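Colleague: I'd like to learn how to read a model like this one. Can we start with a single residue and work outwards?

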Amino acid sequence: MAEGASKTEFVVGVDIGGTKIYSGVFGSSMECIGTARVSTKAQRGPDAVIERIVRCVHDAVDECDLPFDQVKGVGVGAPGAVDPENGRVIFAPNLDWKDVGLRKTLEKQLGTPVFLGNDCNVCTLGVYETELKRKPKDVVGIFLGTGIGAGLVLNGEIYTGFNRTAGEIGHMVLEVSGPKCSCGNNGCFEALASRTALFRKIHAAVKEGQKTILTDMLGPDLEDLRSGDLRKAIRRGDKFVDHVVEEAAEYTGIAVANIINLLNPEVVVLGGGIIEALEDEMMAIIVETAMEYAMSGTSKGIEIMASKLGDDAGITGGAVLARRGLKAS
Ligand SMILES: [Zn+2]
């Protein structure tokens, strides 16, 4: 245990994803001192997943040789609609959860206060508190990964909306006659610019004979295709992949313009696996398109930036959520 650690109050941030649970222990100046990962195994049902969350928290704390009683609180970001006041996950399609009393069960099993939020909101809160030097009033975070979601920090607080579903930007329709989305609509942002959408587009084109460096890199079936492979292909001069990514960046820019028109936030932050892998390829196009599409006068002085927190946004935000929750209680 670090010298003087006994005087520090530690919190743990947890990010529950569809495939993995990630946790991190944070000290009083928000430095991360240890992390742990376990697979989610959502198919085993909520009780099994909750057990795995508990294990993941203990693993991270154990990783930094900290006695568990030094952990003062745990902040959890869960995918889907979350009711923070009652500590329930209302529905989470990724986990196949409906109305799960996550907070109560976790508090019982961990013996420490637990604070719950939607994952994109929690990520945005993490960026807001640790990445933005000045504290803007309103920040919107847009996260491009397997799906696309947004987090809203308005007046410095997480905004969840009437049915706790605010931030479902992935299902904002950008092309009425666009590709089918998992939600049943056509042309949702998520069906046009998520990792799933990009990979689907690439696979379909390759099947129809499209030439790309990706097949040299990964074989004809593009087995194990990752976001980073798109970056590598573009840097090796692959015009096809470049075009696919450029198109996704344009759609993202249009979505950002819609957000600017609707909420006029001071800062729009972009994050998630796609941005992490393709920041250099996408950000300039996103900013340019957003400025072009936002109504004249609405985008003046608004900052559109990429988060540097990457995979750690969720655990960082979870820790912030726990700190804020402890302070308020
Ligand atoms: Zn949709």
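Colleague: Where is Thr316 found?

Modeller: Thr316 belongs to helix 10, which spans residues 313-328. Keep in mind that this is a predicted model.

Colleague: Does Thr316 count as buried or exposed?

Modeller: The idea is to compare relative accessibility with a cut-off: buried means under 20%. Thr316 has 5%, so it counts as buried.

Colleague: And which residues is Thr316 in contact with, leaving aside neighbours within four places in sequence?

Modeller: Those contacts are Phe26, Met30, Gly126, Thr130 and Leu309.

Colleague: Zooming out, how many helices and strands are there in the chain?

Modeller: The chain has ten helices and 13 strands. Its radius of gyration is 20 Å, close to the 20 Å from the globule rule for 329 residues, so the chain is as compact as a globular protein of that length. Buried residues account for 53% of the 329.

Colleague: What share of the contacts join residues at least 24 apart?

Modeller: Take the contacts between residues at least 6 apart in sequence: 61% of them join residues at least 24 apart.

Colleague: What about the surface and the charges?

Modeller: About 15300 Å² is exposed by the chain, with 48% of it supplied by carbon and sulfur atoms. As for charges, there are 35 positive and 45 negative ones, and their mean positions lie 3 Å apart.

Colleague: Where does pLDDT stay under 50?

Modeller: Over residues 1-6, for which the model has six contacts beyond four places in sequence. The chain averages a pLDDT of 95, and 98% of the residues score at least 70.

Conventions:
Residues numbered from 1 in each chain as written. Predicted model: local features only at pLDDT ≥ 70, side-chain atom pairs only at ≥ 80, totals over all residues. Heavy atoms only, no water. Helix = DSSP H or I, 4+ residues; strand = E, 2+ residues; numbered from the N terminus. Rg over C-alpha atoms; globule rule 2.2 N^0.38 Å. Buried < 20%, exposed > 50% of the residue type's maximum accessible area, 1.4 Å probe, protein only. Contact = heavy atoms within 4.5 Å. Areas by Shrake-Rupley, 256 points an atom, 1.4 Å probe, with all protein chains shown as cover. Lys, Arg positive; Asp, Glu negative; His and termini not counted. Charge placed at Lys NZ, Arg CZ, Asp CG, Glu CD. pLDDT = per-residue confidence, 0-100.
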